[in-house]
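Reader: I am new to this structure and should be grateful for a guided reading of it. May I put my questions one at a time?

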Amino acid sequence: MAEHKFKRPSIASGDGLIIYCNQYSYYCHKVLQALHEKDIRFTKYEIDVTNDEHFSEWFLELNPRAELPVLQNGLLIVPGSSRILDYLEETFPKAKSLRMPNGADPVVRGFRQTLDNLPIGILTIGSFLHPNYTKSPKFPFVLPVRQTILAREETLGDRLRSYAAEYPAFAEVLLKKADFHDRKRGIIASEEYFGKLLSALDEFLSDVERYLEASEREWLCGTEGITIVDIGLATLLNRLYVLGLEDRFWSDGRRPRLEQYYARACQRSSFQCVLPSKVSILRTVWVNTPPMYKAGLAAVSSVLLSSTLLKR
């Protein structure tokens, strides 16, 4: 059960755009960057996923699937990053457009479809379970935090069933999520599957590298500005970087065009706005670190932050 009883926040009755998100969520990162890139005013509400706020009754009323992000515009609720991104384009036509042009290369459209369908959760948890594939995980995904996340993953199915009993109106969806989670755990635990997932990512990123080289473009749809597909690719590369997989996929000249692309993406103010602050990261690491690790963490955290998080 949840460690805290969460009440519906007063902000949920406010006007304007509200984005319910978590700063470490891959899917939330995409939406937040798009909002900053389009310069749309919004209010952010950080969901406390560590204490299962996304399984609280008030949030289930917003999104019975208990998934982030969720956009609220008055009485309208839009769940899911892909739907939100498309909604922003349709609802704010005077804001900067992130649409791919009508004449966009079908290859690039295929890139977006692949990016939208990647199993990011399996990739993330799989990297924790199979650390031999990662060389230098970055904050906040350092060892103590990975162990805490894995421990919570092990109990997620049981917690979902408890919430289903507590909130009968949402029981069907929560029980299906619990069953799906239990099946997924077996997949994630398979090192063979994780290796195949990384190989598939290798093929995808090789296709992107070849396209960038052949087109000589700064961004996938041209040089004038980024589009939704660029936000998706930049977010993927950042997740791979934080997980410590950049050595496998692009650094040290392995894929120079992709490395340059990621460096350009990191320099955009809309990208920087979405990254968690050093203080926020330290707080997250501290909260998720078992007591036996905290003394050592306090001694080295500032050094590690300067040498890993800020290195691009």
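Reader: Between which helices does the loop with F92 lie?

Author: The model discussed here is a predicted one. In it, F92 belongs to a loop, not to a helix. The two helices that this loop joins are helix 3 (81-91) and helix 4 (106-117).

Reader: Is F92 buried, partly exposed or exposed?

Author: The relative accessible area of F92 is 25%. Buried residues lie under 20% and exposed ones over 50%. F92 therefore counts as partly exposed.

Reader: Which residues does F92 touch, leaving aside those up to four places away in sequence?

Author: F92 and N22 are 70 residues apart in sequence, and their C-alpha atoms are 24 Å apart in space. N22 is not among the residues listed as touching F92. With residues up to four places away left out, F92 touches L17, K38 and I40.

Reader: How many disulfides does the structure hold?

Author: A disulfide requires two cysteine sulfur atoms within 2.5 Å. For C21, the nearest cysteine sulfur is that of C28, 5.1 Å away, and C21 is in no disulfide. C273 is in none either, the nearest cysteine sulfur being that of C21, 13 Å away. The number of disulfides in the structure is 0.

Reader: What is the relative accessible area of C273?

Author: C21 has a relative accessibility of 0% and so counts as buried. C273, by contrast, is partly exposed. The relative accessible area of C273 is 48%.

Reader: Which helix gives the largest share of the largest nonpolar core?

Author: The largest nonpolar core has 76 residues, and those with the most contacts inside it are Y20, L123, L205, L220, L236, L237 and L240. Its largest share, 11 residues, comes from one helix, spanning residues 228-243. That helix is helix 9.

Reader: How many residues are in the other core, which lies apart from it?

Author: The other core includes L156, L160, A164 and Y167. Its number of residues is 12.

Reader: Why is helix 5 described as largely enclosed by the rest of the structure?

Author: The buried residues of helix 5 are I120, I122, L123, T124, I125, G126, S127 and F128. They pack against helix 1 (26-38), helix 6 (143-166), helix 7 (171-189), helix 8 (191-215) and helix 9. Helix 5 is largely enclosed because its buried residues number 8 of 10.

Reader: Is helix 5 roughly parallel or roughly antiparallel to helix 9?

Author: The axes of helix 5 (residues 120-129) and helix 9 come within 10 Å and cross at roughly 15°. Angles under 35 degrees count as roughly parallel. Helix 5 is therefore, with respect to helix 9, roughly parallel.

Reader: Which residues of helix 9 make the contact with helix 5?

Author: The crossing of these two helices is right-handed. Helix 5 contributes I120, L123, T124, S127 and F128 to the contact. The residues on the side of helix 9 are L236, R239, L240 and L243.

Reader: Is the crossing of helix 5 and helix 8 left-handed or right-handed?

Author: Helix 5 packs on helix 8 at an angle of about 125°, with the axes 10 Å apart. The two helices are therefore oblique to each other. From helix 5 the contact involves I122, L123, G126 and S127, and from helix 8 Y193, F194, L197, L198 and L201. The crossing is left-handed.

Reader: Which residues does L123 touch, again without those up to four places away in sequence?

Author: L123 is buried in helix 5, and L123 is one of the residues with the most contacts inside the largest nonpolar core. The residues that L123 touches are F194, L197, L198, L201, L240, L243 and L245.

Methods:
Residues numbered from 1 in each chain as written. Predicted model: local features only at pLDDT ≥ 70, side-chain atom pairs only at ≥ 80, totals over all residues. Heavy atoms only, no water. Buried < 20%, exposed > 50% of the residue type's maximum accessible area, 1.4 Å probe, protein only. Core = buried A, V, L, I, M, F, W, Y, C linked by side-chain atoms within 4.5 Å. Helix = DSSP H or I, 4+ residues; strand = E, 2+ residues; numbered from the N terminus. Contact = heavy atoms within 4.5 Å. Axes fitted to C-alpha atoms, helices over the stretch in contact; angles between N-to-C directions. Parallel < 35°, antiparallel > 145°, perpendicular 65-115°, else oblique. Left-handed = near helix turned anticlockwise from the far one by under 90°.
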